[in-house]
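Me: I want to learn to read a model like this one, feature by feature. Where do we begin?

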Amino acid sequence: MTLAKPAFPTPDHDHGRCTADALAHAEAVCEQRAQKFTPIRRQVLGALLSSHRPLGAYEVIDELAKSMPRPAPITVYRALDFLMANGLVHRIESRNAYLACAAHDHDATSAVAFLICERCGLVGEIPSGSFARELNAAARASGFAPKLSVVEITGVCTHCQKTS
């Protein structure tokens, strides 16, 4: 299988462009769904887009507090819930953290596969359609109605392998 784009950004990628594209995508998704992309939702997504590493809710609060009055945790959790419900953010269960969605071409019920670098902490997102179909079919055959599958794979990213 060939990936359309690399799972991890190159160290010299245009992060400003990356962030702007993700925010534009979020605006378009919210507009299509008649959802409000409020300033706090935008700011929370922006905080998550500040790096390609997952952030805990309190890390999001700390990031936001650099440029605005410190938001209440419930405000951030509500924004995160909205962003997850609209497929703009994923929760990395093993890290109890959140990550802005890097792949904009899957729906809310698709399986998501994350590659988590144990050295630098970056998280890549890869397509998982073929194994997801098999996994969902097996779940349905068991009488289970699958909603969302998340697979987390830990290891070492290409960039860290090169610097070893």
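**Reading the model**

Reply: Start with one residue: Arg 133 is exposed, with a relative accessible area of 58%. The cut-off for exposed is over 50%. Keep in mind that this is a predicted model.

Me: In which helix is Arg 133 found?

Reply: Arg 133 belongs to helix α5, residues 129-141. Its C-alpha atom is separated from that of Leu 49 by 29 Å. Along the chain, those two residues are 84 residues apart.

Me: Now helix packing. At what angle do α2 and α3 pack?

Reply: The angle is about 105°, and the axes are 9 Å apart. Helix α2 covers residues 39-48, and helix α3 covers residues 57-64. Angles of 65 to 115 degrees count as roughly perpendicular. The two helices, α2 and α3, are therefore roughly perpendicular to each other.

Me: Which residues of α2 and α3 make the contact?

Reply: From α2, take Ile 40, Gln 43, Val 44, Ala 47 and Leu 48. From α3, take Val 60, Glu 63 and Leu 64. Sorted by class, this contact of α2 with α3 has 6 nonpolar, 1 polar and 1 charged residues.

Me: How should I think about nonpolar cores?

Reply: The general idea first. In soluble globular proteins, nonpolar side chains tend to be buried together. Here, the largest nonpolar core has 25 residues. Val 44, Leu 45, Leu 48, Val 60 and Leu 83 touch the most other members. At least two residues of this core come from each of α1 (15-32), α2, α3, α4 (73-85) and β2.

Me: What is Val 60 in contact with, leaving aside its neighbours within four places in sequence?

Reply: Val 60 is in contact with Val 44, Ala 47, Leu 48, Leu 55 and Val 76. There is also a second, separate core of 8 residues. Ala 7, Leu 122, Ile 126 and Cys 157 are among them.

Me: On to sheets. What is the strand order in the open sheet of 3 strands?

Reply: The order is β4-β3-β5, and the pairing is mixed. Strands β4 (123-126) and β5 (150-155) stand at the edges. Each has a single partner strand, so one side of each is left without a neighbour in the sheet. From one strand to the next, the twist averages 25°.

Me: In which sense do β3 and β5 pair, parallel or antiparallel?

Reply: Strand β3, residues 112-117, pairs with β5 in the parallel sense over 6 bridges. For a register mark, use Ile 116, which stands opposite Thr 154 in β5. A general point helps here too. In a regular strand the side chains alternate between the two faces of the sheet.

Me: How many bridges join β1 to β2?

Reply: There are 4 bridges, and the strands run antiparallel. Strand β1 spans residues 89-92, and β2 spans residues 97-100. The bridge partner of Arg 91 is Tyr 98 in β2. The hairpin of β1 and β2 has 4 residues between the strands.

Me: What should I look for in backbone angles?

Reply: Look at the sign of phi. Most residues other than glycine have a negative phi. Asn 96 has a positive phi near 50°. Asn 96 lies in the loop between β1 and β2, and is partly exposed at a relative accessible area of 48%.

Me: Where does Ala 34 lie?

Reply: Ala 34 lies in the loop between α1 and α2. Its phi is positive, near 55°. With 72% relative accessibility, Ala 34 counts as exposed.

Key: Residues are numbered from 1 along each chain as its sequence is written. This is a predicted model: local features need pLDDT of at least 70, side-chain atom pairs count only at pLDDT 80 or more; totals for chains, interfaces and linings use all residues. Side-chain values use heavy atoms; hydrogens and water are left out. Two strands pair if DSSP finds at least two bridges between them. Axes are lines fitted to C-alpha atoms, for helices over the stretch in contact, and angles run from 0 to 180 degrees between N-to-C directions. Angles under 35 degrees count as roughly parallel, over 145 as roughly antiparallel, 65 to 115 as roughly perpendicular and the rest as oblique. Contact means heavy atoms within 4.5 Å. Ala, Val, Leu, Ile, Met, Phe, Trp, Tyr, Cys and Pro count as nonpolar, Asp, Glu, Lys and Arg as charged, and the others, Gly among them, as polar. A nonpolar core is a set of buried Ala, Val, Leu, Ile, Met, Phe, Trp, Tyr and Cys residues joined through side-chain atoms within 4.5 Å. Buried means under 20% relative accessible area, exposed over 50%, partly exposed in between (1.4 Å probe, protein chains only).
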